[in-house]
Amino acid sequence: MACTELDNAFERGRSFFGTDAGFAVGMTALSLTSLVLLLIGHRIARLTISVAAFLVGGVGVYYVSAPLDCLPRIAASASTAILAASIACCIFSVGIFLLGAAAFGSVAHFVYKAIPLSHSPPFVLFGESGFYVIALGASSLLGAVASACLKEQVVRLATCLLGGAGFAGAAQLSTERLGGSFPPVIFLIVLGLVASLGFGAQMLRGQQRRQGQQRRQGQQQRQQQPGTQLARQNPFVRDV
């Protein structure tokens, strides 16, 4: 027995997002998600990776297992989604590794699409130019290595890049739906500008948080040493 009703529900959802109301809902959700990634993405990185692994694993297995009956198909999708989310949550360092690779690879994709190349590629893989494959692979590897060396900074940068890509994608889809054009260069500029603002805001908030922690620690140390503080205030008091 096939999952006809569930497939029809997915199809109705796709049809809804094709309407003006559904498009507005989708763009609002995309913009809010991007805003969250820009502001506090580094603090919810584990949750973000777990949710992404849950969705990719569950939806991917559901579509791949189309020849199966409905119940085994749903069971395989649910178990795969839960397993993928659990692995991503437990092995957080690997998740950060993948997050850095995905963020840098996404930037390489948009940069390549924004720069027209007239040279013939050395090879073609899955219908893509060899230059594209090399650029994507090298950038992903660079992001993975950088995430291993500079974990906190790369997490901030990666979440800001993803948030910037979300805002740029929402702007592109909205512009094209209204009949306008949104060249890849404009997409890249919007992505870089929004990601830079988000990264700067995260760094500023992190610096303010560290300064606040240092002040609280200093106050606690002074409160724990009242005799020393009194001696500093009274020049006539001497240590015996």
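Of the 240 residues in this protein, 28% are buried. What you're looking at is a predicted model, so keep that in mind as we walk through it. The fold contains nine helices and two strands. Follow the chain from its start and the order runs α-α-α-α-α-β-β-α-α-α-α.

**The salt bridge**

How many salt bridges does a search of the whole structure find? Just one turns up. Its partners are Arg177 and Asp20, whose side chains meet with 2.9 Å from N to O. The pair ties together distant parts of the chain, since Arg177 belongs to helix α7 and Asp20 to helix α2 (residues 20-40), 157 residues apart. As background, side chains of opposite charge can pair when their charged atoms come close.

Are the two partners buried or exposed? Arg177 has a relative accessible area of 38%, so this residue is partly exposed. Asp20 reaches 60% relative accessibility and therefore counts as exposed, the cut-off being over 50%.

**Helices α7 and α8**

Helix α7 covers residues 151-177 and helix α8 covers residues 184-224. Their axes come within 7 Å and cross at roughly 140°. How should that angle be described? Angles over 145 degrees would count as roughly antiparallel, so α7 and α8 are oblique to each other instead. As for handedness, α7 passes α8 in a right-handed crossing.

**Pairs that are apart in sequence**

A few residue pairs help you see how separate stretches of the chain sit relative to one another. Here they are, with C-alpha to C-alpha distances.

| Pair | Separation along the chain | C-alpha distance |
|---|---|---|
| Ser34 and Gly163 | 129 residues | 4.0 Å |
| Val107 and Leu161 | 54 residues | 7.7 Å |
| Val56 and Ala85 | 29 residues | 9.5 Å |

Take Ser34, which you'll find in helix α2. With a relative accessibility of 3%, Ser34 is buried, because the cut-off for that label is under 20%. The C-alpha atom of this residue lies 4.0 Å from that of Gly163, even though 129 residues of chain come between the two positions.

Val107 is part of helix α5 (residues 92-114). Is Val107 buried or partly exposed? Its relative accessibility comes out at 22%, so Val107 counts as partly exposed; a value under 20% would have made the residue buried. The C-alpha atoms of Val107 and Leu161 are separated by 7.7 Å.

Val56 sits in helix α3. This valine has a relative accessible area of 61%, so Val56 is exposed. Its listed partner, Ala85, is 9.5 Å away, C-alpha to C-alpha.

**A nonpolar patch on the surface**

Which residues form the nonpolar patch on the surface? The members are Leu6, Phe10, Val59, Tyr63 and Ile74, and together they have about 430 Å² of accessible area. Two elements give two or more residues to the patch: α1 (4-18) and α3 (45-64).

Ile74 is another member of the patch, and this isoleucine is found in helix α4 (residues 70-90). With a relative accessible area of 37%, Ile74 is partly exposed. Why can a partly exposed residue belong to the patch? Membership calls for over 30% relative accessible area, so Ile74 at 37% clears that bar.

Terms used. Residues numbered from 1 in each chain as written. Predicted model: local features only at pLDDT ≥ 70, side-chain atom pairs only at ≥ 80, totals over all residues. Heavy atoms only, no water. Patch = residues over 30% accessible without salt bridge, like charges linked within 9 Å, V, L, I, M, F, W, Y side chains within 5 Å. Areas by Shrake-Rupley, 256 points an atom, 1.4 Å probe, with all protein chains shown as cover. Salt bridge = Lys/Arg side-chain N within 4 Å of Asp/Glu carboxyl O. Helix = DSSP H or I, 4+ residues; strand = E, 2+ residues; numbered from the N terminus. Buried < 20%, exposed > 50% of the residue type's maximum accessible area, 1.4 Å probe, protein only. Axes fitted to C-alpha atoms, helices over the stretch in contact; angles between N-to-C directions. Parallel < 35°, antiparallel > 145°, perpendicular 65-115°, else oblique. Left-handed = near helix turned anticlockwise from the far one by under 90°.
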